[in-house]
Structure formats: C-alpha cells, structure tokens
Protein chains: 6
Amino acid sequence: MTATPALPGLPDILLEPLVRQALLEDLGRAGDLTTDAIVPDGARAQARLVARAPGTIAGLGLATLAFRLIDPAITLTTEIADGHQAAGGAVLARLDGPARGILTAERVALNFLGHLSGIATITAGIVAQIAGTGTRVVCTRKTLPGLRVVQKYAVRAGGGANHRFGLDDAILIKDNHIALAGGVAEAFARARARAGHMVKIELEVDTLSQLETALGLGVDAVLLDNMDLPTLRQAVSMARGRALTEASGGITPDNAAAIAATGVDMISLGWLTHSVRALDVGLDI
Amino acid sequence: MTATPALPGLPDILLEPLVRQALLEDLGRAGDLTTDAIVPDGARAQARLVARAPGTIAGLGLATLAFRLIDPAITLTTEIADGHQAAGGAVLARLDGPARGILTAERVALNFLGHLSGIATITAGIVAQIAGTGTRVVCTRKTLPGLRVVQKYAVRAGGGANHRFGLDDAILIKDNHIALAGGVAEAFARARARAGHMVKIELEVDTLSQLETALGLGVDAVLLDNMDLPTLRQAVSMARGRALTEASGGITPDNAAAIAATGVDMISLGWLTHSVRALDVGLDI
Amino acid sequence: MTATPALPGLPDILLEPLVRQALLEDLGRAGDLTTDAIVPDGARAQARLVARAPGTIAGLGLATLAFRLIDPAITLTTEIADGHQAAGGAVLARLDGPARGILTAERVALNFLGHLSGIATITAGIVAQIAGTGTRVVCTRKTLPGLRVVQKYAVRAGGGANHRFGLDDAILIKDNHIALAGGVAEAFARARARAGHMVKIELEVDTLSQLETALGLGVDAVLLDNMDLPTLRQAVSMARGRALTEASGGITPDNAAAIAATGVDMISLGWLTHSVRALDVGLDI
Amino acid sequence: MTATPALPGLPDILLEPLVRQALLEDLGRAGDLTTDAIVPDGARAQARLVARAPGTIAGLGLATLAFRLIDPAITLTTEIADGHQAAGGAVLARLDGPARGILTAERVALNFLGHLSGIATITAGIVAQIAGTGTRVVCTRKTLPGLRVVQKYAVRAGGGANHRFGLDDAILIKDNHIALAGGVAEAFARARARAGHMVKIELEVDTLSQLETALGLGVDAVLLDNMDLPTLRQAVSMARGRALTEASGGITPDNAAAIAATGVDMISLGWLTHSVRALDVGLDI
Amino acid sequence: MTATPALPGLPDILLEPLVRQALLEDLGRAGDLTTDAIVPDGARAQARLVARAPGTIAGLGLATLAFRLIDPAITLTTEIADGHQAAGGAVLARLDGPARGILTAERVALNFLGHLSGIATITAGIVAQIAGTGTRVVCTRKTLPGLRVVQKYAVRAGGGANHRFGLDDAILIKDNHIALAGGVAEAFARARARAGHMVKIELEVDTLSQLETALGLGVDAVLLDNMDLPTLRQAVSMARGRALTEASGGITPDNAAAIAATGVDMISLGWLTHSVRALDVGLDI
Amino acid sequence: MTATPALPGLPDILLEPLVRQALLEDLGRAGDLTTDAIVPDGARAQARLVARAPGTIAGLGLATLAFRLIDPAITLTTEIADGHQAAGGAVLARLDGPARGILTAERVALNFLGHLSGIATITAGIVAQIAGTGTRVVCTRKTLPGLRVVQKYAVRAGGGANHRFGLDDAILIKDNHIALAGGVAEAFARARARAGHMVKIELEVDTLSQLETALGLGVDAVLLDNMDLPTLRQAVSMARGRALTEASGGITPDNAAAIAATGVDMISLGWLTHSVRALDVGLDI
C-alpha cells in the first residue's frame, strides 16, 4: 500500500467508514459467493487498474483502502498521482496479492475511482477553458448523499475549489431567508450577530440595486444569480475591492469562458457533483 | 406526511439511516447557521417541490423522510407518485410547516429527488425506446457507494429491473474466475456445489463456442459480452429455452433498440447508475 | 494468528462487528475487573482450546478474532480445521501470549465456538444419516437474532447447505401471500413481474393438486409442507425435472432417512439453528 | 401497542438496537421481495401469535417492538404476560394492521419469542423441580453473542435469577486467576484492593480446604465446583452465615433436586442459555 | 414536551445520539435495577428541576430529550428559557409522568443541565464584567471530548460567541505551522491557495513586528498571544480596520476588563469549556 | 507506541470508539485545513508533551491512541506513568513521526490528558489530606456525558476508588424510591428479591433512626447523607461490622479530613468528576 493517509489532507479515519460502508453494501450478508466458490484460497494474482479513456484521476487512495480493508495482504502501487491526467489505456496502479481479495474488492474500488475521476475530469476541463482569467471554479452543496467530502476532494484534484461543505461552516443568505427576515438589512444584521468571527457571510443578489445594498452592509461575498453578461460585468466592477464575487446559475461549458472574462472571482457549478459521468476505469488481471 | 413506508416495498428502517447520514453530512457540527440566525423560530411556510424540467419522478419518499427527520411538524403532500412522468414546471409535492425545518432540509431532499429522478428518467427513456420487444432494461453493480438500494429502486421506478444487489445474492462467473479455476466446467461445478438451491448462476461468455459450453452445463443465465449484432442474434437463438440471455457492454441509447430486436431477454446498462444526470428539481416558497 | 479471513469465504469486515459486539457485551463499561485486579500486566500464558466431547468443529476463526481484538499479541494456532470431527479431549487450537488478554477473551471465544460447533455437529449427524440419498440438508430463517450469517456458516461446515439468507435474496410464496393475492396464479405472476432475473421463486404447497398448479406456473422450487411419506414420494415424482423439491415440517433425526429416501432434493430443518445444543469446549491453561 | 417499556425494567432504548439489527439482518438490502411483490399496499390483516406447545412465555415485548419498527400502524394486544404459562394452542397476542408489515416482521418476532420462551420454559421447569428448597436457579455468562441481556431477562421470566451480566459488575476468582497470582490469599487481596465497595467477590473452590481458606478471607460468595453430594453438603454447612454458596458443574434436571436439597443457596446452569430448545410459536392469519 | 428542536438552532437529530449515548452509558446492560425492583410499574410522579444555586441556565432541551428517550409519556414544562438567569431555589421545569422513567433519566438529565449551566454561568459572568467595551467573549477548541457542540451552545447561551468548531471550518496558523512552512509569508500563501473563498484565515502573532507582517498579508484576523497590556493596546491600534483582533493566553476574570478596555475585538478563554464548575441543579419529587 | 492496552485494565476496544469520536468531532468533514495547506507531506517532527503545572497524570494512553488513530507512524514514548506526580515543566512523553499527524491530533490528545490529569490531581490531593485514616475517596455518577469510564479511571489513577459505574451494577435506594415503595422495609425487600446474588444494596439514610432500620434489614452499605460530624460519628459507630458506611453531601477539601476522622469507610465526592479544573498540559515541538 502507498502513503498515509489515503487521500492527501484527509486522515484515514475520515474515509474508512465510507469505504467500509461501500464494501458491506456489496458483500451483503453472505459475502462474495462467486469468488468463494471458485477461486482457490491460496491463489495469488497480479492486476492493473487501467483507464479505458483519457481523464484526470482522483480517488486512488479510496481504491487502496477498499483493497486493504478486504485483505491487508494486497499491495497496491500507484503509477500516477491524483490530480494528474491519464491517457486512455494508461495503467493507474498495480496490484499484487491474494486473488480472492482482489476480485472481491474490485467493483467497489472501481466505483469510487470512476466516479471521482469523472468529477476531476470535468472540473479540469472547465478549469482549462477559463485558464488565464483568474476566475476559480467552485462546487456547491448539490452533492450526492453521503459522498460530499470525497466529491469535493475530486473537485480540488481537478483544479477547482470548494464552496461550503455544509450548512454550518459559513453563512449564505438567500431569497427565502431575506423574505422571512423582512428585508436584506435585517437578515444580514441577524447573521452578523449570530456568526462567530471566523464565519464568512455571503449574500445572494439578483439585481445591481440589491448588490449595492449588500456591498454597503459589508458582506464577505456576493452570489450573483443568473445575471446576463453585461449586468455581471457591471456587478463585478461595483464589487471590486469590496467583496468577492461568485457567478451562479446556468453556467455551462459553452458560456464559462465568457463569464470568467467578466473578471468574476468564481463560477459555481452544481453539475460538477450532481450530474457526473464516470470515467471508464477497469481492472485487468 | 404520506404513506408508510416512504418508498414502496422498502421499510423505513432500511432508508432512515441513509437519509439521516445525508442530513448530518449537511448539518455538520453546528447546524444550519443561516436559518438559525435569520428565520424566526415560530415562522411557518408553505412550499412546493417543482420539476424544472420534464422527467420521471423517483424518491419523493426520501424527500419526505428528510423533512420529517428535521421536524415532524412539517407535512408533505405529494401531487404525483414515483414512477410517473412530470411535465416541466409540475408541482411534485406541497409542504407546510415550520419555515426553519423546510429550509434546513431542502437541499438534502432535493439532492435525493434530483438524483433518483434522473435515474428514473433515463431508464424510462430507454424502456420506451425498446417498447414492444419483450427485452428488459436492467442495472448493474456499477452504483455509487452507499446509494445502491435507492438507485436500484429508481431504476424500477423508471420501468427497469434489477440485476444482483451485491456479491451475495447470486453467482456471476466472469473471465477472471474461470481463469483462476482452470476452466469453465470446473468453475461452474464449484459454483453449483457451493450455492444454495435458491441461488442462480449466470456465466459470462464472449464467443458462441463458450456459450455452447455454458448452455451444456445448465446455467440459469448467460451474459453475452460485447457481441456484435449478428453474433448476438445467433446466441439468443441458441440459448432460447435453455437459459436467460443478457446483452452487456457498449449499449447506448443509439443502439439499444437494435440490440433488443435480437430477442435478447435483457440489456444491462452500467450508466443508468454510474453516470447520472440529475433532474432539475427545486423548492419554491 | 492464522489465515485471512477468519472464516473461509467471509471477509473479516463482515465478522469483526459481531465479535466486537460480543466482547463489548461482556466487558461492559469497566472491563474485566477480576483479571485486571489479579493477573500481573506482564504475565504470559499458554493455553489450549479443548473439545470436552466429540463433535464437528466450526467457528475457530471467530475465536481467533475474539482473542486478536482483545490483544493482537496473542497468537492462536489451530490443530484442526472447521468442518472436521474432533474426538472428545482433542486439542483444537493452542494459544500463546499475554495472560490477561487470554483470560478476558476466553468466554466470548468459547461462546462462539461452542454454539457453532453445536450446529455443525448436529448438521453433520443428520447429513451422515441420509448419506447416499443425494438429498441435501438445508437450514431456514429460524435463526437466532444477530447470528444468522455465522449460524449458516456452521451449517455449511457440518455439510449442510443454506436456504435463503433473508427476505431479499429469493422469493418464497407461502399460504398467507397466496390468500392475500387471491390465488396462487396471481401471486406467482406478481412475483415473476417484480423479481429480477437472478431471483428464484419457490412456492409452498400442501397438496398434490396445489403442486400441479405450481409446476405448471414454472416455479424454480416447491416447498412440500408436512406431507406424509406416500404423498411426498408422489410429489417428488411429479416434480422431477420440473422444479427442485424441498420437504419441510416435522422432520426429525428419526424420520430424516425415510424422507430422504423419497428422492426429495432437500430437507429443511429449523432446529439446526433455533434449538442448538452447544458443544462443550473449554480452555485449559 | 402495549405498555412502555417493551420488557419490564428494560427501557426500550436498550432493546431497540437489538430488534432493529435483527430486522435489518432479515431485510438485507432489498427488503421483503415476496411481500412487496404480492401483497397489496392497502391490505389489512388480523393475526394471532399462538403457542404450538405448552410453555412459559417470554419476549412478547420484543415481538411488539419488531412489528412496531416495521410499521407503527400495527397494533399488538397481548393475551398473556411474560412469565406466565401458556397451554399448547393458546393465543399469546392479537395483531391488527397493514398486512405487509405483519408478514415482513413475522419471522423476527417469532425468532425472539420462541428463543426466549424456550429459556423461560426450561428455567421454570427446573425451578418447579426444586420448589420448596430455598435454592435459586441462576444463569451464567455462557450466553449467545449479542443476546445476553434478553436471555437473562428470560431466565428471570422463568423464575430464575441472574449471575453476573459481564466481566465488570462483580469479581469471580477462578483457578487460572489464583495460579497467576501465586495463591488464593494474594488473589483475593488484589481483588479487594481493586474493587469498589459496591462490587462483590466470589471465589471458585474445588475442595473443602480451599473453601475454608476462602471463608477465612471474607469472600461474599463461593462457587462450589463439581462437588459430589456429601462434599457439597458439608461445604454448605461450613459456609452457612459466612458466604453465599453456589453449586456449579454437571447439574442436570435429573440431579438438580438432590443438589438443592443440600441447602446450597444457588445452582448455576450454563445450559439455560447456551443450549436452548425454542418453544414452538407461530403466527396465524 | 416543549418546542422543537430541543436546543434552538440545533435539530434534534444532531443531539439525540449524544443524549442516547449518555443514557446507555448509565443504563449499562441491565438497566436501572433499583427503580425496576422498587417502583411500581404504574406509579406516576410530579417533579421539579430546581437550581440549588443562582446561575445562567443552559441545556433544558437536553434534559427534555433525556426524559423523552426513556419514556415519551413524561411531559416536561419549562419555567425559564436557556440563557436566562435563575435565582437559587428557582424551579427550572416541571415534570409529570411515569415515576420509573423520571427516576431513571434523572441523573443524565442533571449531568447535562449542571454542566452546561455551569458554562453559561461563568460565560455570563465574564460577559458582564466587560459589558460596554464592545469586546466579545469567545471559547476555543479546548473542549471535553464528545461535548463540543453542546459546550459551544452553552457559551452562546451565556452571551459569548464561538471560535472555530473544529479543524475544518477555518484556518488558524500557529507557530508550529509557520516553522514547518519556513516562514509566515509562505505559510499564509499556502493557506490562501488551499482555502475555499468562504474560509477565513487567522494568524497567531507574538510580537508587533509579526503583527505588521500579518496585516500586510491580508489575514482576516490575528490572534495576539500573551501580550502585555501596552503591547496589546498598540496591536489593536495597528490592526484597526485591517483585521479582527483576538487576545488569548492568561486571561482571567481578574484581568479581563483591563484587556477588553484595549479595544480588542475578542478575548478567547479555554477555561470556559475545559475547567467547568457545574451549576448545582437537582430534581425534587 | 507503548504497552497494550492504552489504559491499564481497559482493553483498547473499549476506548478506541471514544477517542475516534473525539477526533472526528475535531476533524469535521474536511479535516485539518491548516495543516493540510501548510505542512509538507513528508515533514517529520519531534515533540514533547509537557506539564505546565504540577499534578498527577492520567490519560497518557488516550493521548497515545489519539496520535495512533491519526497516523500509526507516530511513536509516543512515555516518561512517566499514569498515577504519578509530575512537576511543573516535566516532560510526560516524547513524540516522533510525521509532522502533519502530530499537529492534527494534538488538541484531542491534550483535551483528554488535561481533563483526566485534572481529575487525578484533585483526587490525589484529597487522598493525601485524609492519609492515614483508612477512609477511601470515591466518585459518583455525577460524571460528564460519554466520559464516565475514563473519568472513573482517572479517579483510580489519583488514588481514589469507584462507586457504581451505572444504574445496573449495584442497587442504591434513595428517598424517592422509598417514598414510592411505601417504606424502607418494603423497598429493601423488593430490591433483595430482584437483585442477583452478586449485586450489593446500599441505602441512603438521613437520620440515626433510619440507619438503625437499615442495619436491621441487612444492607451491604449505608449512604449517610449530609450528617453533621457528631451524628456521623455516632452513625459510623452503630454501623461498624454491620455495613459499610459512606459519607456524602457537602464534603469539601476543607472538611474532608474531619469527616474522615470519624472513621467512615468512604467519602463520596461528585465534584471529582462534575467540576474538574484541567491540568495545563501542552505540546512543544
């Protein structure tokens, strides 16, 4: 097995429960009936994790954990590090050890690896498209249940950055909050009073007039929701030096470069995590 | 709240841990800072879950659980049942209750609903494409970690059927197993000896000659891997009345109808669950 | 410690939670007061697990896990493998390591070993009684709560086979289902429509006329409930080549051979798992 | 549903995890396929829990919890209380509610009820045999993993009493402890120094000379191991007023009355919990 | 029972596991032996939670959860809200319901209530001492294992504010980080590159020269460690309008007012949570 | 790492869940942002755990577990054993290993160590004050939720002893139980009938007349509640040889010696565990 921890910056005790849950989900009550019946107990195997299509890799550490949790005697040696681009056909890692364990853990390892590499690949693609603009690509809370921490890791592996991890690490005031507070100033004041000094406050605005109000209140960031390009350009100009700007809503690979060209600090994309096309990764023995 | 259990056929004690985990993932340690700061404790709200695009709905019961676990005082009334097609803009359900709870549970509820409806929608699409052929659409074990049971539910909601839920509910003998056993006959014999009488055995074959061997052994089903159309047609013909046939590998919306026209019993599609595009669902207050 | 995994075919991550739970149940909050008070910290001991009566052994791997979870410095070397017959007084395994850990884990290790060996012993007994008939001995879902997977393992260690592991890995249609569906044909049709292609369907029948109906529907297996020998013989004859046959109800060591002589494929016995007499196993230092 | 808590003296939060675990073990990933396929969603049923043989009942509260956890809409009304004797054919409880939930929870409910009633029945039998002697019947730590607390409850329901619940609620000094301490006096002194003032100390003795030593040390109780009747009688006489006496080892229904007649305070029986014959209990719709 | 959720801003699903764990810790395996033996099953009781000394109350919701989890039939009506000052002898809440449940849950409820009210009381004391200065009292990560979220709640109930909840919701660069990075500028640059845009960065400084560097880098806040009053005054002056200032180290009730008078934005106090004197709260029947 | 288990007498499987919970509480979802950003992956560090004030140490094993769970490559070598007195400035242990892991686990390790050493220190202080009297210092159930077992360990490390660990390991009859039973004799009789023979019974008394009743019943111990010194002295005299005596209520460092001088067997102190002042322990790199 390779370095500790499995994913850079995330101690294994954070990730093992997730990998364990995935393995138990696949093993059910009775374990791997096919392998148990057919593969001799002492058989050994060498195998390769192979990218069947080009892409940016993420999640090799989770694959490592999956094999290790099934049998610590399996060794996995990576040929590439997370965050790097693999060519189609490239060997990502080599496995050696008990054949039973390799076959039993294979699907779970590939499910993690394909999904996270899918996220890293699309993130890297959009990052490349806006290269040179100074705009960051960020993900959202539109993640798949139970997978947020590893999905956000994959976004970073692809060159993106993370927005909030949850409801408790920053304040994001949206339309509904404002309506229920009776106004933006009141909403902000309540947030300011409640938040600890290490908690940032971002405010969602739809119009330039709302933006002006938000900037006057001293927010840390503004979410510029679904603005057309000219409005967005003006918003960015107004906010410069006063608050970070985040463009959100309706951003696609087609219009990302144009939006980034407005000088906005960030573009946030729900589909990086909620609509992921897996990278095709396989295991060859 | 509506009927018991939340998802038809799946008692709530199977699903509550999953929804609870998703909520805790979003709440973190400190809970919903924004709502806690801004929304008055006694405020009530009415809200609607709305499809922002047309699709087949799945997972309303998980949304229901999400709101109920945050605050049992929230009522959710569905306007459509899982497995039905919603038009773009259609109201899926109406919510009434404490505003705080509605806002706090919103994202988790939508994350489940959007993902499962995405699965149901694409499944329904492919089912429609092969309508009239008698071929079933089935999913695989290429699911997202932790979500298998609900993903497979969504496939059924979209009109598809389920392959194995895991490694322990049926035997599927693949190339690697055969190689490690030293031959297909030996592999099958070991499987037959190990399996209980309620466990089916399927065997993966790449060629017609392998197929003939498999049929001679008395397998319950054959997985016909990546065969071209003429070969597949012949394979189906050979297997008729002797074993169920499953076509697998490289099946896309473009070639599904042609493959189904061969008379194969099933087509299995990993991308129903590993590469899901979420249906856009929102909450309007 | 010996081979990986502790029980053949069952990865340790499936079993460790069970052994851990049993140890924690015995340790309570404060641990082993007696050993902590009396046995010096550095003391080492050699010990033997000994069968105090003859029987078929099952569960040495769980004993191994129990000692390892209390102290990884304890080594356990088996002298016999699961599934083999031990004479009264036979040494099953030898232990060496810290005396404290050996004494603390002793009772849990023995509780598993005695219970599973009791199951294996009675299973082996009934298997021996019907040797030569081609009939298999199978267990049921009448297991002790929390212990199903290891009880079913012990049945296999004793030479028996497993029926369903739970409600979700096969369909078994009983009287009550038929009554609530309004007839056997309707019940079967609904089951066939719902079940994935890898799920078998068995149907319980009380009479030969019901059997004829079931066979006509194409069930995979029939549960022949409480039939007398002549009826059973006729049922087996009718079903031959059309469905697997399982005799159930009222089967005892006394009548098992006669029932097997009818040519029925399986006899299923609830008492293999619900009414177990433990094999007397002890630890000698 | 009936009274709170499910089992007298044991708050439901102690027992729900156990019942939940048993249900999840049976439901697996996919739930009750048979019932889901066949039984209509809105169907209701009335059912009876029936003793198919006479016995002392224990565990109705666990059955209640099993049905409630599957569907809170099921009502269960008991016709007999735990600890009472039921005639063969007696109705133990009546169920009313959604048919699906009743069928899905049936097996788990019966597994608990049959096992615990089996324990209560054999306990009540041995208690009856020694009635009038003043000797108490007690169970041991030879319990089935995960089930200790409910097994010990069943012993009480049958009229017996409980020895230690685990390694941490009292001190029991056995041969191995004494050997490792270098003598009985030293072992006792260490135990006395370590134990809190609310912790009793019992000492195992094989001979009258050891007994004399133990009594001189001031132990709370002595375990008289495998003594013949005359020795036991003398031991009881020596210990009277100085320590409680427990006879252990080789006690069977055949010799229990004679042993009790020695005046020993307790007889302890491992087979009350490690070799249980389930009471036959069924569910009739 | 009173409002949902038990603690304002913290949904019950966040807190129930903590209260459940505390109850199970007290119940052990066998439950409340004393109450089970002595208190009749049907007995009801009225009781009062009473402050035996004056203090600021926090945690009534956790007491409520403790009683509800033991028996939902117990009603608890609060006479005071968290965050308010109670006189010695004041009734905090009234209980009505099954006597057994009230006695069984009593100690756990009081343990939570006494500890959190102790925190709120000392926090309120220090807040009062610096009233009028504009300086906030904040807690740290020096909390008791497992209790962080409720301890931090209690600090807010006492009028204080919260610093980081953990290692992942903000960045705090200390001496060791700087040393391992090879300088403060490098450390800050790495932090800025890694952190999402909603993550604040605070930097610990010991000297005014370090402070000047930190301010030049654009940190969000500075932790002024163990500075004497004149230095602190100058530091506050330098940082005004450029970064938030936090005084830390050696702050006691005796010097808090003088430190606050420097105009520092926050004083942080580990002893609010690591060295808590419980408020004496009792239950009277 | 040092000896197994981490805390003498408490197998690691009892303590790891607690340390794991504490680490996860601190890591949150995203882990240690600061260290991940700033400290290079391969950096190593040597560090010392240092007492910043004199005190009796307890909990080094929990610190060891904290570092090991974050990174098994960290080695910790203790310089002092639990239960010993450290001078201010004394090095308690030396750490060597990956710098990231040391920094990430630091706070949790210190939080355990400071809290438990605080308990051991104050316990040792009161034990020293009453040295020579034969009276034992015991703690109560007034512990902090989730921490009981380690708090009680720390009391022992400081030279004290433990009262009940929970509601299930002994019987303590208080005023409310007596009132609900209708009298002390009835309460005791019910307790005696319910309790197993290894369960002790203690009775709380306020007056000498109650004491006389209790002694007549044959209780194992009496809790003498809030008696003045002359009454206590007389109570101790009455109880000598008949029951253990425990003084409780209002005992402080100031009056402990006088109370012990009465000859009472134990003094019980809630504040040993509910009002703990942490020992100041730090980590120096």
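Okay, let's start with the polar side of things: between chain B and chain A there are 36 residue pairs in polar contact, counting pairs where both residues are at pLDDT 80 or more. And yes, that threshold is there because this is a predicted model, with side-chain atom pairs counted only at pLDDT 80 or more.

So who's sitting on the chain B side? Quite a list. Helices H1 (12-27), H2 (33-38), H4 (99-129), H5 (148-157), H6 (175-181) and H7 (184-194) of chain B each give two or more residues to the side that touches chain A, and so does strand S7 (171-173). If you want one element to click on, pick H4(B), which gives the most, with seven residues. By class, that side of chain B divides into 30 nonpolar, 15 polar and 15 charged residues.

Now, salt bridges. The count between chain B and chain A is six. One to pull up on screen is Arg141(B) with Asp26(A), where the closest N and O atoms are 2.6 Å apart.

How much area is buried between chain B and chain A? About 5,100 Å², with carbon and sulfur atoms giving 57% of that. In residues, the contact takes 60 from chain B and 60 from chain A.

Okay, next pair: chain C and chain F. Here 14 residues of chain C are in contact with 13 residues of chain F. Together the two chains bury about 1,100 Å², and 61% of that is on carbon and sulfur atoms.

What about polar contacts here? With both residues at pLDDT 80 or more, the count between chain C and chain F is one residue pair. On the chain C side, two helices each supply at least two residues, namely H1 (12-27) and H3 (60-70). H1(C) has the largest share, at four residues. Going by class, the side of chain C that touches chain F has six nonpolar, two polar and six charged residues.

And which side chains meet in a salt bridge at 2.4 Å, N to O, between chain C and chain F? That's Arg29(C) and Asp168(F). Across this interface the rule finds two salt bridges.

So, to put the two side by side before I hand over: chain B and chain A bury about 5,100 Å², and chain C and chain F bury about 1,100 Å². For salt bridges, it's six between chain B and chain A and two between chain C and chain F. For residue pairs in polar contact, it's 36 between chain B and chain A and one between chain C and chain F. That's me done, thanks.

Notes:
Residues numbered from 1 in each chain as written. Chains lettered and ligands numbered in written order. Predicted model: local features only at pLDDT ≥ 70, side-chain atom pairs only at ≥ 80, totals over all residues. Heavy atoms only, no water. Contact = heavy atoms within 4.5 Å. Buried area = accessible area lost by both parts, 1.4 Å probe. Salt bridge = Lys/Arg side-chain N within 4 Å of Asp/Glu carboxyl O. Polar contact = N/O pair within 3.5 Å; in protein donor to acceptor, adjacent residues only side chain to side chain. Nonpolar A, V, L, I, M, F, W, Y, C, P; charged D, E, K, R; others polar.
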